[in-house]
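Biologist: Could you walk me through this one? I would like to begin with burial and then turn to the aromatic rings.

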Amino acid sequence: MAYIDYYKILGVDKNATQDDIKRAYRKLARKLHPDLNPDDKEAERKFKELNEANEVLSNPENRKKYDKYGEHWKHGEEYEKAQQQQRQYQSQSQSQSQSGNFGGGFSGADFGEGEDFSDFFQSMFGGAGGGFGRSSRGSASGKFKGQDVHAELNLSLKDAATTHQQTFDINGKKVRITIPAGVYDGQQIKLKGHGNPGFNGGPHGDLYITFTIPADPNFERIGDDLKTKVSIDLYTAVLGGDVKVNTLTGSVNLKVKPETQNGTTVRLKGKGFPAYKKEGDFGDLFVTYEVKLPTNLTEKQKELFEQLKNS
């Protein structure tokens, strides 16, 4: 497997915070998204690499393994187990040799601290050695987890605000998942065991689904809060009145106070976005008034404005 620098793909350095990684991923995901680059194979390839990099670096545990093992990070646990087994077997062999019950001692490799992993992994994954743990006690063939599968699911803001089910066709199998209300753009979930088959009887890989939520024409989402704008005429702004405001779940009537200024923002508590996996918990909706000036005034109306101006 060729080494892929996930930090370079995301355009961040190795000291990047989790927030830095999240921001970098979202920025590039929007740029390389297949919907924006139809029939562009290079963009498609980069988008897959981007999701792979995000899968690893956005997970602190996976990131730690990647920093230690590089492209072999998925098999880090196998290495650690093999290393431990080799040390235990060597210790047993030396003990038996010293007591006269075992001739010759242990002749296998001792994977000590600071060892270059490349030869070890080559023998594990297709090198001339073919397997690991070979000794006078026989050989063991490794069972390895299958490759993970990545998928992307586009949701509208309204869909993301409701708990609902979606069905996927992955490797010829139907997979149904329940999407909780409140998922956010770029969020990734893992379905254990729904990836590609394992090697030599090993477990299946996992399925990673990334949610993409395009910008909504009516609402701007900031965390669990929503922002929207509503136009009111000059007369309502000056004298007060009622205005209909759309929310994600329907429309409500809002009282406009007299002498409301352009750009005034009011809050509708609990009318925002549902909090992820917190049933009954909602953000707020912030409504900004945009005062629309009248046009095509009659002469009489102009006279009235002149009177107001000079009063």
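Modeller: A residue counts as buried when its relative accessible area is under 20%. The model is a predicted one, and in it 35% of the 311 residues of the protein chain count as buried.

Biologist: And how many helices and strands are there?

Modeller: The protein chain has nine helices, together with 13 strands. Among its contacts with a separation of 6 or more, 56% are between residues 24 or more positions apart.

Biologist: What about the surface, how much of it belongs to carbon and sulfur atoms?

Modeller: Carbon and sulfur atoms hold 48% of an accessible surface that comes to about 19800 Å² for the protein chain.

Biologist: OK, rings now. How many aromatic pairs are there?

Modeller: The count comes to three aromatic pairs. One of them joins Tyr-7 and Tyr-66 in a tilted arrangement, with 6.1 Å centre to centre and 45° between the planes. That pair links helix 1 (residues 6–10), which holds Tyr-7, to helix 4 (residues 60–69), which holds Tyr-66, across 59 residues. Both Tyr-7 and Tyr-66 are buried, and ring pairs link them with Tyr-6 into a cluster.

Biologist: And how are Phe-144 and Phe-199 arranged?

Modeller: Phe-144 and Phe-199 form a stacked pair, 6.3 Å centre to centre with 15° between the planes. Phe-144 is in the loop between strand 2 (138–140) and strand 3 (149–154), whereas Phe-199, 55 residues apart from it, is in the loop between strand 6 (188–191) and strand 7 (207–212).

Biologist: Is Phe-144 buried or exposed, and why does Phe-199 count as exposed?

Modeller: Phe-144 is buried because its relative accessible area is 6%, while Phe-199 counts as exposed because its relative accessibility is 55%, and the cut-off for exposed is over 50%.

Methods. Residues numbered from 1 in each chain as written. Predicted model: local features only at pLDDT ≥ 70, side-chain atom pairs only at ≥ 80, totals over all residues. Heavy atoms only, no water. Helix = DSSP H or I, 4+ residues; strand = E, 2+ residues; numbered from the N terminus. Buried < 20%, exposed > 50% of the residue type's maximum accessible area, 1.4 Å probe, protein only. Contact = heavy atoms within 4.5 Å. Areas by Shrake-Rupley, 256 points an atom, 1.4 Å probe, with all protein chains shown as cover. Phe/Tyr/Trp six-rings, centres within 6.5 Å; stacked < 30°, edge-to-face > 60°.
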